[in-house]
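Here is a walk through one protein chain, written for someone who would rather look at side chains than at statistics. Have the viewer open and follow along.

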Amino acid sequence: MSIRGNLKYIIVLYLLATSLFASSVKLDISSSEVVDGSAVNVKITAEGKNVQFPTINDIGGFEVENKNISTNIESSYINGNFSTKNYKVLSFDFYPETNLTIPSYSVKIDGKVFKTKPKEIIVHKASESLVKTGGSFVLRLKSNKKSVYVGEPFLVTIDIVEPHNSRAVRIEYNPPVFKDFFSQQIGGEQKMDTPQGVIHRFKYMLSAKKDGTLTIQPPKIKIATSTLSGNNLDPFGMFVNDLRWQSVRGNSVTVDSKATPNDVDMVGHFKVSSSVDKKITKPNKPVTYTIKIYGDGTLDDLADPKFDIPGVTVYADDSKVKTGIQNGKVVSTYTRKYVFISDKSFTIPSLTFKEFDYVTHKVTKIRSKRFNIKVAGVLGVASSKQTPSATSAQTAAKQQTLITKKEKVDNNRSLFEDTNYYKQKAKSENREYPLWIILIAFLVGIVATVTAQYLYRLAKKSKVVKKIKHYEIDEALQILYPHTNQDKKIEEMVRKLYEIKNGNKEIKLDRKELDKIVDKVIGQ
């Protein structure tokens with residue numbers, strides 16, 4: 001074949017290649033060099049009305065996140081001709097951990113297939129980031145234990161390293177997903193200035209809910225930096241300063257969780273103490289009992305103890321659990337108060353708890369004290385078949401009426417220990433209201449409903465009467481243009497306003513529809 005024939009084929013192939021990689025489709029990336037853990041934002045922009053993007057679930061084995069498809073319209077008026085261009089943009093993020101090449105993707109536009117150009121990504125390790133990329137945010141997630149028992153507490157630390165030359169104006173921090181773990185943040189953010197940058201540190205106490213290999217998902221941050229360039233697509237110059245967002249993700253951590261014996265109440269090493277405010281009391285006078293459990297480990301999932309003592313009324317306060325860090329260990333304190341009321345002597349039994357010590361790998365029992373409470377002036381101990389009789393309750397009520405002022409001051413130390421409070425509570429629970437009170441309440445409810453409906457209709461009418469403002473073309477354009485991509489009706493209205501502004505007298509404008517759309521945008 002002659003040189004001229006070969007040249008002919010080369011020209012055909014060149015034209016075919018340039019048509020496939022035409023300017024109608026373009027792939028852009030946020031950066032070609034990133035730090036391990038930083039997100040690469042990818043945007044594929046296609047010009048045309050009917051666009052079909054490919055399905056992209058991963059790049060080089062790294063999962064694609066935050067997929068979004070948006071539509072942009074660019075309008076222009078040149079030499080008396082008004083024209084518009086339709087753009088469709090597919091954007092997404094992914095977190096590469098090794099060097100890779102984003103492949104060429106095929107995009108179908110108005111029946112024709114176009115291809116994007118490949119892009120290379122270079123990934124630097126976190127230790128190299130400050131040297132090779134001129135400063136970048138780094139996230140590090142660490143655990144003080146790699147192997148634990150179910151319920152055994154361990155510490156997770158997250159460090160966000162901000163370089164000294166950072167231009168960040170806003171940082172949005174998303175903690176890890178602590179799926180399959182009980183979690184609690186320990187303290188607030190800690191800041192430390194180091195030669196590598198400012199470290200923002202967060203600490204969490206975790207304990208596994210089940211056994212197996214469990215993964216703590218990586219933390220994420222979004223960083224906004226200020227840019228001085230304006231928006232070229234903004235005809236009114238309203239957005240002078242813009243924010244450029246960057247996503248950074250830390251590493252994940254895997255923890256091996258081992259099963260514990262099924263019948264244990266807590267995991268760790270604890271002590272228990274219990275006390276009463278008095279051992280001798282009067283009939284129907286409260287006795288306050290306090291139980292406290294404290295030691296190494298977590299008590300957040302400890303079930304509240306219950307007392308079922310025949311002939312004794314028992315009230316319980318909400319339990320309080322405090323967790324903290326001492327000498328690098330997780331320590332917890334559980335406290336709960338109970339009030340016992342009876343007209344006969346009774347016994348507060350000892351409570352037994354089973355704990356699994358993850359250090360010695362042994363199951364041990366801890367017990368609270370037993371207390372015999374004597375009710376003065378009453379013989380015997382309350383039996384399982386005895387309950388306070390109506391006569392004893394009336395007698396107790398009379399005795400309560402005869403309490404001296406001094407006794408009232410002594411025994412009304414708090415609402416939790418006030419006998420009158422519990423008596424009033426019992427009365428309110430059994431109170432029956434007269435029929436005439438119920439009837440009046442019913443009539444008042446009807447009047448209130450009718451009045452509310454009348455006021456609503458009146459307010460609605462006044463709102464309609466007030467709405468008389470008509471918007472001028474330029475004023476409406478300034479309000480609607482930034483929201484063009486949010487709604488097709490807004491997009492159509494912006495086109496009409498541009499054509500009217502450019503002298504097209506054939507376009508008819510519905511003023512009511514314009515006012516309605518503008519009011520809706522302003523009210524967002």
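Buried means under 20% relative accessible area, exposed means over 50%, and partly exposed is what lies in between. With that cut-off in hand, Lys278 is easy to place: its relative accessibility is 22%, so Lys278 counts as partly exposed. Keep in mind that this is a predicted model.

**The chain as a whole**

The chain has 524 residues, and buried ones make up 34% of them. Its secondary structure comes to nine helices and 32 strands. Take the contacts with a separation of 6 or more: 69% of them are between residues 24 or more positions apart. The accessible surface comes to about 32,800 Å², and carbon and sulfur atoms account for 53% of that.

**Salt bridges**

How many salt bridges does the structure hold? There are eight. Three of them are listed here with the distance between their closest N and O atoms.

| Pair | Closest N and O atoms |
|---|---|
| Lys145 and Glu152 | 2.8 Å |
| Lys278 and Asp277 | 3.1 Å |
| Asp180 and Lys210 | 3.8 Å |

Start with Lys278, the residue from the opening. Its salt-bridge partner is Asp277, which is partly exposed at 35% relative accessibility. Elsewhere, salt bridges with shared partners join Glu65, Lys220 and Arg249 into one network.

In the pair of Lys145 and Glu152, the two ends fall into separate classes. Lys145 is partly exposed, with a relative accessible area of 22%, whereas Glu152 is buried, at 6%.

Then there is the salt bridge between Asp180 and Lys210. Asp180 sits in the loop between strand E15 (168-174) and strand E16 (181-185), and Lys210 sits in the loop between strand E18 (197-208) and strand E19 (212-216), so the pair ties together parts that are 30 residues apart in sequence. Asp180 is partly exposed, with a relative accessible area of 23%. Lys210 counts as partly exposed too, at 40% relative accessibility.

**A buried phenylalanine**

Now find Phe356, in strand E30 (residues 352-357). Is Phe356 buried or exposed? It is buried, because its relative accessible area is 4%, under the 20% cut-off. Leaving out residues up to four places away in sequence, Phe356 touches Tyr149, Thr260, Pro261, Val264, Met266, Val267, Gly268, His361, Lys362 and Val363. Pro261 is a good one to check in the viewer: Phe356 and Pro261 are 95 residues apart in sequence, yet their C-alpha atoms are 7.6 Å apart in space.

**Helices H7, H8 and H9**

Next, move on to three helices that help cover one another's buried residues. A bit of background is handy here. An α-helix has 3.6 residues a turn, so residues three or four places apart point the same way.

In H7, the buried residues are Ile473, Ala476, Leu477 and Leu480. Looking down the axis of H7, these fall within an arc of 100°, so they line one face of the helix. The cover over the buried residues of H7 includes H8 and H9.

H8 has 14 residues and reaches 20 Å from its first C-alpha to its last, close to the 20 Å expected at 1.5 Å a residue. Its buried residues are Ile490, Glu491, Met493, Val494, Leu497 and Tyr498. They fall within an arc of 165° when seen down the axis of H8, so they too line one face of the helix. Turn to the face of H8 that points away from its buried side and you meet the exposed residues Lys488, Lys489 and Glu492.

H9 (residues 511-522) has 12 residues and reaches 16 Å from its first C-alpha to its last, close to the 16 Å expected. Leu514, Asp515, Ile517, Val518 and Val521 are its buried residues. Their arc around the axis is only 165°, which puts them on the same side of H9. On the other side of H9, three lysines are exposed: Lys512, Lys516 and Lys520. What covers the buried residues of H9 includes helix H7 (473-480) and helix H8 (488-501).

**A nonpolar patch**

Last stop: the surface. Leu439, Phe442, Leu443, Ile446 and Val450 form a nonpolar patch there, and together they have about 490 Å² of accessible area. Ile446, one of these residues, is in helix H6 (residues 435-466). At 40% relative accessibility, Ile446 counts as partly exposed.

Key: Residues are numbered from 1 along each chain as its sequence is written. This is a predicted model: local features need pLDDT of at least 70, side-chain atom pairs count only at pLDDT 80 or more; totals for chains, interfaces and linings use all residues. Side-chain values use heavy atoms; hydrogens and water are left out. Patches are made of residues with over 30% relative accessible area and no salt bridge: like charges are joined within 9 Å, nonpolar side chains (Val, Leu, Ile, Met, Phe, Trp, Tyr) within 5 Å. Accessible areas come from the Shrake-Rupley method with a 1.4 Å probe; for residues, only the protein chains shown count as cover. A salt bridge is a side-chain nitrogen of Lys or Arg within 4 Å of a carboxyl oxygen of Asp or Glu. Helices (H or I, at least four residues) and strands (E, at least two) are DSSP runs, numbered from the N terminus. Buried means under 20% relative accessible area, exposed over 50%, partly exposed in between (1.4 Å probe, protein chains only). Contact means heavy atoms within 4.5 Å. The expected span of a helix is 1.5 Å times one less than its number of residues. The arc is that of the directions from the helix axis to the C-beta atoms.
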